[in-house]
Amino acid sequence: MTAQEDLDHARLLRTKVVRYHEAGHAVIGELLGVPLRWTAIIDQGPGQRVLGRTERMRGAFEAASLETRIKTKLAGGLAEKILLGSRSPGGALHDDESIAELLKELEPDEKGREAVRSRLEADVRVLLEEPKNRALVEAAAEHLGLWSELTGVGLREIMKTKESGLASSGN
Ligand SMILES: [Zn+2]
């Protein structure tokens, strides 16, 4: 491979990781009652970082419990790990700060904080490993691959389609 092909390949992979990351935030948030407004993948062009951004319905995140907020934040990095086997936590870096802040609020005792984080991570892991939810994250990531954005309406449409699809295949 030439250097350019190498770069293009790394770039495609990187974009895929970001798509799964944002899809994880979006789907897990939706499942936990923090409805999505939109999520977008912003490809800034060759040599630039690929960014992902997810926004909730106004006030929904703030209204959610601390545990729910932390779980939706954890879901991005965990979706990368669980669905793609990604080892580089690149996409999750921007979440770490807010997760640390929220954890501090939830568990004032620093000694207990790591255990709380582990428990919440395990909860999100269970959600992401459930085949139905996994399929949802994959569908959302695929949509992001095609359109670079996914609205809350679009996500709920995907969820409805998957629901009915599963119901009919179960007959
Ligand atoms: Zn994130």
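Ser86 touches Val17, Glu80 and Lys81, leaving aside residues up to four places away in sequence. This serine sits in the loop between H3 and helix H4, which covers 93–106. Val17 lies 69 residues from Ser86 in sequence, yet the two C-alpha atoms are 7.6 Å apart in space. Ser86 counts as partly exposed because it has 19 C-beta neighbours inside 10 Å, and a residue is called buried at 20 or more. The model described here is a predicted one.

From that loop one can step back to the whole chain. The protein has seven helices and three strands. Read along the sequence, these elements follow the pattern α-β-β-α-α-α-α-α-β-α. Of the 171 residues, 30% count as buried. Among the contacts in the protein with a separation of 6 or more, 68% are accounted for by residues 24 or more positions apart. The pair Ser86 and Val17, which touch each other, are 69 residues apart in sequence.

The strands come next. The three of them form an open sheet in the order S2-S1-S3, with antiparallel pairing. S2 and S3 are the edge strands, each pairing on one side only. From one strand to the next, the twist averages 5°. Helix H6 packs on this sheet, where it touches S1 and S3, and the direction of H6 makes about 125° with that of S3.

Each pairing in the sheet can be followed in turn. Strand S1, residues 36–43, pairs with strand S2, residues 50–56, in the antiparallel sense over seven bridges. One residue of this pairing is Ile41, whose bridge partner in S2 is Gly52. S1 and S2 make a hairpin with six residues between the strands, and in that hairpin Gly45 takes a positive phi near 100°. On the other pairing, S1 is joined to strand S3, residues 149–151, by three bridges, and these two strands also run antiparallel. Here Thr39 stands opposite Leu150 in S3.

Two loops lead away from the sheet strands. After S2, the loop towards helix H2 (60–63) holds Arg58. Is Arg58 buried or exposed? Arg58 is exposed, because 10 other C-beta atoms lie within 10 Å of its own, and the cut-off for an exposed residue is 12 or fewer. Arg58 and Pro35 are 23 residues apart along the chain, and their C-alpha atoms are separated by 9.1 Å.

The other loop lies between H6 and S3 and contains Ser148. Phi of Ser148 is near 65°, a positive value in a residue other than glycine. Most residues other than glycine have a negative phi. Ser148 counts as partly exposed because it has 14 C-beta neighbours inside 10 Å.

The helices make contacts of their own, and H5 takes part in two of those described here. Helix H5 spans residues 110–129 and helix H6 spans residues 131–147; they pack at an angle of about 80°, with their axes 5 Å apart. H5 and H6 are therefore roughly perpendicular to each other, as angles from 65 to 115 degrees are classed that way. On the H5 side the contact is made by Leu127, Leu128 and Glu129, which meet Asn133, Arg134 and Val137 in H6. By class, this contact has three nonpolar, one polar and two charged residues.

The second helix contact brings H5 together with helix H3, residues 66–84. Their axes come within 9 Å and cross at roughly 55°. H3 and H5 are therefore oblique to each other, and their crossing is right-handed. From H3, the residues in contact are Glu67, Ile70, Lys71, Leu74, Ala75, Leu78, Ala79 and Ile82; from H5, they are Leu120, Glu121, Asp123, Val124, Arg125, Leu128 and Glu129. These residues divide into nine nonpolar, no polar and six charged. Leu128 and Glu129 of H5 appear both in this contact and in the contact with H6.

Terms used: Residues are numbered from 1 along each chain as its sequence is written. This is a predicted model: local features need pLDDT of at least 70, side-chain atom pairs count only at pLDDT 80 or more; totals for chains, interfaces and linings use all residues. Axes are lines fitted to C-alpha atoms, for helices over the stretch in contact, and angles run from 0 to 180 degrees between N-to-C directions. Helices (H or I, at least four residues) and strands (E, at least two) are DSSP runs, numbered from the N terminus. Angles under 35 degrees count as roughly parallel, over 145 as roughly antiparallel, 65 to 115 as roughly perpendicular and the rest as oblique. Two residues are in contact if their C-beta atoms, placed from the backbone, lie within 7 Å. Ala, Val, Leu, Ile, Met, Phe, Trp, Tyr, Cys and Pro count as nonpolar, Asp, Glu, Lys and Arg as charged, and the others, Gly among them, as polar. Two strands pair if DSSP finds at least two bridges between them. A crossing is left-handed if the near helix is turned anticlockwise from the far one by less than a right angle, and right-handed if clockwise.
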